[in-house]
Amino acid sequence: MRHLLLLLVGALALTACSGDDSGPATQPTDGDTSAPPPSPTGTSTPSPTPTTPPPLAWGPTQAEYDEAARIVADMPVERQAGQVIVARYAGLEPPVDLIAELGLGGVILMGDNIESPDQVMQATAAIQQAGDRDYPVIIGIDQEGGTVARIREPATEFPAYMTLGAARDTALATDAARASGEELRAMGLTMVFAPDADVTTGPDDPTIGSRSASSDPALVAQIVSASLAGYAEAGIVAVTKHFPGHGSVPADSHEELPVQTAGLDELRARDFVPFQAAVSAGAEAVMVAHIDVPAVEPGVPSSLSPAVVGLLRDELGFDGLVVTDAQDMAAISDGYGSGAAAVASLAAGVDVVLMPADTRAAHQAIVDAVGTGELPAERLAEAATRGVALMLHQAAAGAAPAADAVGANRDLSYQESLAGVTVVSGACEGPLVGGTIQVAGGTDTDRARFTEAAEAAGLTVGAGGEVVRLLGGTDPGSGDVVVALDTPYGLGASDAPVRIALYGRTPGAFRALVDVLRGAAPAGGTLPVPIDGVEREGCGGG
């Protein structure tokens, strides 16, 4: 039902956006949460029979939003200030005392918070208990697949998002997101910081790369919309990221404040396209990046910019939950204190302050800013209401899958990689290697996983036979077969007779690679990004 509602709202939003960039009229955005207007229906014909109340354009029903407004109205400002913070913590023990004391909206799990699926389940249960509230705590995670995945085996590892751009298969994108979301929910997660809606612009993109589905905005839009449907079916809140687009800047916001040199028309034609599609598809939450966009508001990180957030709200028509990128990144922490950044982002129209470098300082600054009038009380209440409404909606998705869902999608991960494997030189049919091969390049884990997959399929790995070289970066490599495990750019300068883009280093990706090498399965992928120096875009039909 949730999937059907999402598709219905997406269709209505597409109609509403035609010739009108004012955005859907859902709950108020001027800070008055006391009397939200009725949810749009997009039609004057009522349903002939009683049905589940339609969602707002971004997920929650009007009843859920109204209930959230009542909950927030009863909160003192100190609890409202906590509600808009999703904090980072160190180690395996969750910060249950801090959650309870400040009323934090939630936490994000990073690599050092994770030991195993069982340990994650115990941590998330403790976090929810510490919340002691009638709606779930936000427990988020970066789990895009590929290089950005905090939980790995024995959970299912999915390949990089670029795999889906190579596969050009929206049904597969939905299936993969649903499967990943179900595994996360089985471990107690309620929010995933995915999908990545950035449009990569090539090897000069140092941050996004294979995290993007493609350099084609329309293709990225299709894959992102399909992924959102899968996450909605899984019952997990998906956060589309990183508006206004991180794939077209030549710097990493983890290390500095990148400057977007493109003008607004270029951004609209390229970077905004997948985000507009996500909004039209009913996206529940959008993350705003730390990028300086001189064409909009020079010198101000997007996550702190009323003008950039205004583009998302007014031009793209998004009225859902807006989340900052991590505020402990250098693009913010080098120029702003935790408190100043938190207040500025909320004042700009953001609803969730993610990972402030100092959680207590951010919380106190928000409380103080409301007291002095620097941050209007209505703006804080609006932000808190959106967060509570979305978590009430998440709770309505029902019980999480059983624990045995974790790790249950390895065959799907394999099928995803097989659909994306892209052979840009070498035969499209039949074996590409003999019965004995040598493996070179890559990391120890890469070589071990490839060897395991090859030997399981009956190949001999050792001295003699074709050399299969694994590429982890953009540098070309020599060998009889060269395989790009991440972005495919290194294939352009390679002189190997067989060149393959794999977009992943998962067990399923190596299994798919081996099946293509031995001629047991076709390579379904087509290059999702242009590469100079390749003979063809692939053997797939995309």
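Helices and strands are DSSP runs, numbered from the N terminus. With that in hand, let's explore this predicted model together.

**Exercise 1. Find where R168 lies, and say what its phi angle is.**

Step 1: Look for helix 6, which covers residues 162-167, and for helix 7, which covers residues 170-186.
Step 2: R168 lies in the loop between these two helices, helix 6 and helix 7.
Step 3: Now check the backbone. Phi of R168 is near 55°, which is a positive value in a residue that is not glycine.

**Exercise 2. Describe how helix 7 and helix 8 pack.**

Step 1: Start with the geometry. Helix 7 and helix 8 (residues 217-234) pack at an angle of about 35°, and their axes are 7 Å apart.
Step 2: Next comes the handedness: this crossing of helix 7 and helix 8 is right-handed.
Step 3: Then list some partners. On the helix 7 side, the residues that meet helix 8 include T170, A173, A177 and G181; on the helix 8 side, Q222, I223, A226 and G230 are among them.
Step 4: Finally, sort the contact by class. Between helix 7 and helix 8 there are 7 nonpolar, 6 polar and 4 charged residues.

**Exercise 3. Which residues does S225 contact, leaving aside its neighbours within four places in sequence?**

Step 1: Place the residue: S225 belongs to helix 8.
Step 2: With those neighbours set aside, S225 is in contact with A277, A278 and A281.
Step 3: Try a distance too. S225 and A283 are 58 residues apart along the chain, and their C-alpha atoms are separated by 8.5 Å.

**Exercise 4. Locate two cis peptide bonds, one leading to P154 and one leading to P244.**

Step 1: E153 and P154 are joined by a cis bond with omega of about 15°. P154 sits in the loop between strand 5 (148-149) and helix 6.
Step 2: The bond from F243 to P244 is also cis, and its omega is near 10°. Here P244 is in the loop between strand 7 (237-243) and helix 9 (264-269).
Step 3: F243 turns up again in an aromatic cluster, together with F272 and F275. The whole structure has 3 aromatic pairs.

**Exercise 5. What is the mean pLDDT of the chain, and where does pLDDT stay under 50?**

Step 1: The chain has a mean pLDDT of 90, with 90% of its residues at 70 or more.
Step 2: Over residues 1-50, pLDDT stays under 50.

How values were computed: Residues are numbered from 1 along each chain as its sequence is written. This is a predicted model: local features need pLDDT of at least 70, side-chain atom pairs count only at pLDDT 80 or more; totals for chains, interfaces and linings use all residues. Side-chain values use heavy atoms; hydrogens and water are left out. Axes are lines fitted to C-alpha atoms, for helices over the stretch in contact, and angles run from 0 to 180 degrees between N-to-C directions. Helices (H or I, at least four residues) and strands (E, at least two) are DSSP runs, numbered from the N terminus. A crossing is left-handed if the near helix is turned anticlockwise from the far one by less than a right angle, and right-handed if clockwise. Contact means heavy atoms within 4.5 Å. Ala, Val, Leu, Ile, Met, Phe, Trp, Tyr, Cys and Pro count as nonpolar, Asp, Glu, Lys and Arg as charged, and the others, Gly among them, as polar. Rings of Phe, Tyr and Trp (its six-membered ring) pair if their centres lie within 6.5 Å; planes under 30 degrees apart count as stacked, over 60 as edge-to-face and the rest as tilted. pLDDT is the predictor's confidence in each residue, from 0 to 100.
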